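Biologist: Could you take a close look at the backbone oddities in the loops for me, and then walk me through the helices that go with them? Take your time and keep it connected.

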Amino acid sequence: MEDPLSSVTDPIHPDDRLAEILLSHEIRWRDRAYFLEGRGYLLRPRLRPGWQPSWVGTKKLWVDVEDGIGTPTVYIKRVQTGDLESRIAIRLSSEPLRSDPMNHSVPILDTFVDSDDSQISYIVMTFLKPIHRPEIDYIGELLDFGEQILEGLTFLHENGVAHRDCASTNIMMDASAMYPKGFHPVEQDYLPDHSGGAPRYSRLTAGVKYYFVDYGISSEFPVDSDPASRLVVGDLGRDQEPPELSDTVPYDPFKLDIFLIGNIFRRKYYEVAVNLGFLRPFVLAMTNPDPNARPQAHELLTQWRLTRRKFSAANRHWRIKFRDEPVGEQLFWDGINWIRLAVHFAKWLGGSRFPGA
């Protein structure tokens with residue numbers, strides 16, 4: 001069957017009619033557009049009342065214009081007023097916790113109740129990017145990612161919060177420093193107006209900050225409560241591999257978090273790369289089938305920092321090599337990596353700071 005995106009000869013593009021129709025969640029946002037504008041938040045053209053597709057009647061395709069792109073479910077998040085998710089996120093984003101350098105909980109910029117339905121509230125968060133868009137490329141980037149995530153997990157646990165769903169989709173990054181001209185909120189490889197590709201710096205050069213998001217199934221306990229009383233039941237979550245998940249047998253949700261982060265290290269990096277052996281002791285300890293044998297977050301953070309110090313600036317700039325790379329591709333990218341290192345080293349000798357050092 002012909003790829004519908006490749007044809008420009010049909011009088012009506014096969015997907016045009018679908019792109020002209022708002023999805024159900026888009027309609028809900030469109031219907032609150034004036035209310036949100038009154039709060040200072042202007043929605044995309046596609047979500048404003050009276051929107052007409054800008055490509056209709058032109059030679060443009062819907063894929064080439066900003067308002068042809070569908071809207072994901074959340075930027076301003078609609079929640080039940082006073083629910084656990086918003087309560088935890090707001091508490092962690094309030095002073096004095098907000099200023100804690102260990103805090104990697106998504107910043108809440110604003111919160112307000114819907115004018116028509118007091119059971120509905122909105123929380124406005126810093127705009128974040130999935131951690132895999134783009135992927136982590138260099139060992140130094142992974143070292144920074146791991147330290148920040150273990151910092152954030154330590155912070156959560158020290159403040160009585162067990163996330164319980166900290167899979168990779170619920171860890172995001174503020175990548176604004178990577179994109180000097182910004183990027184589109186949906187098609188994130190494009191400029192904000194979708195007029196072309198968005199130039200970017202590497203994470204090593206720009207620096208990013210990682211955040212935990214989505215406390216929908218999290219648990220919250222008094223900070224001074226007895227650890228033995230901090231037990232839960234429930235088998236919800238994106239990662240179903242932890243052996244303790246159960247609807248009937250209580251388990252420690254803090255040790256569950258340790259497994260979930262360890263599983264990110266294992267599945268996304270350790271198992272698919274050939275030069276990340278330093279992850280092995282972390283993966284083995286964090287994904288131990290016996291929850292009681294897993295370290296605590298602060299212990300892992302201390303060990304990670306000690307491990308990170310063993311890497312020289314040059315080592316941190318070496319790329320992550322994946323097991324499935326063809327030999328020719330591996331040699332090509334290794335050559336590029338050597339060139340990059342030579343350029344950075346030359347700049348360093350000239351007095352510039354070695355990026356990511």
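**Loops and the helices beside them**

Modeller: Asp214 sits in the loop between strand S7 (209–212) and S8. Bear in mind that this is a predicted model. Asp214 isn't a glycine, yet its phi is positive, at about 65 degrees. With a relative accessible area of 22%, Asp214 counts as partly exposed, because the cut-off for buried is under 20%.

Arg164 is another non-glycine residue with a positive phi, near 75 degrees. You'll find Arg164 in the loop between S5 and strand S6 (171–174). Arg164 has a relative accessible area of 12%, so it's buried. For background, most residues other than glycine have a negative phi, and most peptide bonds are trans.

That brings us to the prolines. The bond from Glu95 to Pro96 is cis, with omega near 5 degrees, and Pro96 belongs to the loop between H4 and S2. Arg133 and Pro134 are also joined by a cis peptide bond, with omega about 0 degrees. Pro134 lies in the loop between strand S4 (129–130) and H5.

Now for the helices flanking those loops, starting with H4 (residues 84–92). The buried residues there are Glu85, Ser86, Ile88, Ala89 and Leu92. They span an arc of only 165 degrees around the axis, so they're on the same side of H4. In an α-helix there are 3.6 residues a turn, so residues three or four places apart point the same way. The partners that the buried H4 residues pack against include S1 (76–80), S2 (108–113), S3 (120–125) and H5. Strands S5 (161–162) and S8 (219–220) are also among those partners.

H5 (residues 139–158) has a helical neighbour too: its axis comes within 9 Å of that of H9 (residues 297–308), and the two cross at roughly 160 degrees. That angle is over 145 degrees, so H5 and H9 are roughly antiparallel. Their crossing is left-handed. By class, the H5–H9 contact has 8 nonpolar, 4 polar and 5 charged residues. On the H5 side, the residues involved include Leu142, Leu143, Leu150 and Leu153, and the H9 side includes Leu300, Leu301 and Trp304.

One more loop residue before I stop: Arg32, between helix H2 (24–30) and helix H3 (33–38). Its relative accessibility is 13%, so Arg32 counts as buried. Leaving out residues up to four places away in sequence, Arg32 touches Arg78, Asp114, Ser115, Asp116 and Tyr122.

How values were computed. Residues are numbered from 1 along each chain as its sequence is written. This is a predicted model: local features need pLDDT of at least 70, side-chain atom pairs count only at pLDDT 80 or more; totals for chains, interfaces and linings use all residues. Side-chain values use heavy atoms; hydrogens and water are left out. Axes are lines fitted to C-alpha atoms, for helices over the stretch in contact, and angles run from 0 to 180 degrees between N-to-C directions. Helices (H or I, at least four residues) and strands (E, at least two) are DSSP runs, numbered from the N terminus. Angles under 35 degrees count as roughly parallel, over 145 as roughly antiparallel, 65 to 115 as roughly perpendicular and the rest as oblique. A crossing is left-handed if the near helix is turned anticlockwise from the far one by less than a right angle, and right-handed if clockwise. Contact means heavy atoms within 4.5 Å. Ala, Val, Leu, Ile, Met, Phe, Trp, Tyr, Cys and Pro count as nonpolar, Asp, Glu, Lys and Arg as charged, and the others, Gly among them, as polar. Buried means under 20% relative accessible area, exposed over 50%, partly exposed in between (1.4 Å probe, protein chains only). The arc is that of the directions from the helix axis to the C-beta atoms.
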